[in-house]
Amino acid sequence: HKRVYAMKRKDALTVGEIIDEYLQDRNMEDRLLERRALELWPKIVGYVVNRNTVERRVDNGVLSVRVTSAVIRSELQMSRSSLIEGLNRALGKEVIREIRFI
């Protein structure tokens, strides 16, 4: 569906506002934020842990992470809620609802 903008607006929209509305209208904002969560992962977990995560993907708010070390996987599972909180805080919005370590 196309959104029709009324011509009687008192204030013009900025380019950023137009882009924000476009992304929200097409549910693309969450997908972009999910992609950003993948980029933030190394900063959130640090070098050693990141080195042991070989595959990451996000689907509908669920971050799946393949971990090569059983010890690190166990530590990550115990830190799951703080990792979710850290990612969402860095994103500025609740995007990640769950993390699965595989």
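How exposed is glutamate 85, in terms of relative accessible area? Glutamate 85 is partly exposed, with a value of 49%. That figure comes from a predicted model, as does everything below.

**Overall build**

The protein contains five helices and three strands. From start to end of the sequence, they are arranged as α-α-α-β-β-α-α-β. The protein has 102 residues, and 31% of them count as buried. The exposed surface comes to about 7,400 Å². Carbon and sulfur atoms supply 50% of that surface. Contacts can also be sorted by distance along the sequence. Take those in the protein with a separation of 6 or more: residues 24 or more positions apart account for 53% of them.

**Salt bridges**

How many salt bridges does a search of the whole structure find? The search finds six. Three of the pairs are set out here, each with its N to O distance.

| Pair | N to O distance | Place |
|---|---|---|
| Glutamate 85 and arginine 89 | 2.9 Å | helix H5 |
| Glutamate 39 and arginine 36 | 3.2 Å | helix H2 (residues 28–45) |
| Arginine 66 and glutamate 55 | 3.3 Å | strand S2 and strand S1 (residues 53–59) |

Start with the pair that includes glutamate 85. Its partner in the salt bridge is arginine 89. Both residues belong to helix H5, and four residues separate them, about one turn of the helix. Arginine 89 counts as exposed, because its relative accessibility is 58% and the cut-off for exposed is over 50%. Glutamate 85, at 49%, is partly exposed.

Helix H2 holds a pair of its own. There, glutamate 39 and arginine 36 sit three residues apart, again about one turn of the helix. Their side chains meet in a salt bridge. Glutamate 39 is partly exposed, at 46% relative accessibility. Arginine 36 is partly exposed too, at 37%.

The next pair links two strands. Arginine 66 forms a salt bridge with glutamate 55. Arginine 66 lies in strand S2 and glutamate 55 in strand S1, so the pair ties together parts that are eleven residues apart in sequence. Arginine 66 has a relative accessibility of 37% and counts as partly exposed. Glutamate 55 is also partly exposed, with a relative accessible area of 32%.

**Two buried residues**

Where does serine 64 lie? Serine 64 is in strand S2, which covers residues 62–67. Serine 64 counts as buried because its relative accessibility is 11%, and buried means under 20%. Which residues does serine 64 touch, once neighbours within four places in sequence are left aside? The contacts are Glu55, Arg56, Arg57 and Arg100. One of these, Glu55, is the salt-bridge partner of arginine 66.

Asparagine 88 belongs to helix H5, which spans residues 80–91. Glutamate 85 and arginine 89 lie in that helix as well. Is asparagine 88 buried or exposed? Asparagine 88 is buried, with a relative accessible area of 11%. Arginine 89, by contrast, counts as exposed. With neighbours within four places in sequence left aside, asparagine 88 is in contact with Lys93, Glu94, Val95 and Ile96.

**In brief**

Helix H5 carries buried asparagine 88 and the salt bridge between glutamate 85 and arginine 89. Strand S2 carries buried serine 64 and arginine 66, which pairs with glutamate 55 of strand S1.

Methods: Residues are numbered from 1 along each chain as its sequence is written. This is a predicted model: local features need pLDDT of at least 70, side-chain atom pairs count only at pLDDT 80 or more; totals for chains, interfaces and linings use all residues. Side-chain values use heavy atoms; hydrogens and water are left out. Buried means under 20% relative accessible area, exposed over 50%, partly exposed in between (1.4 Å probe, protein chains only). Contact means heavy atoms within 4.5 Å. Accessible areas come from the Shrake-Rupley method with a 1.4 Å probe; for residues, only the protein chains shown count as cover. A salt bridge is a side-chain nitrogen of Lys or Arg within 4 Å of a carboxyl oxygen of Asp or Glu.
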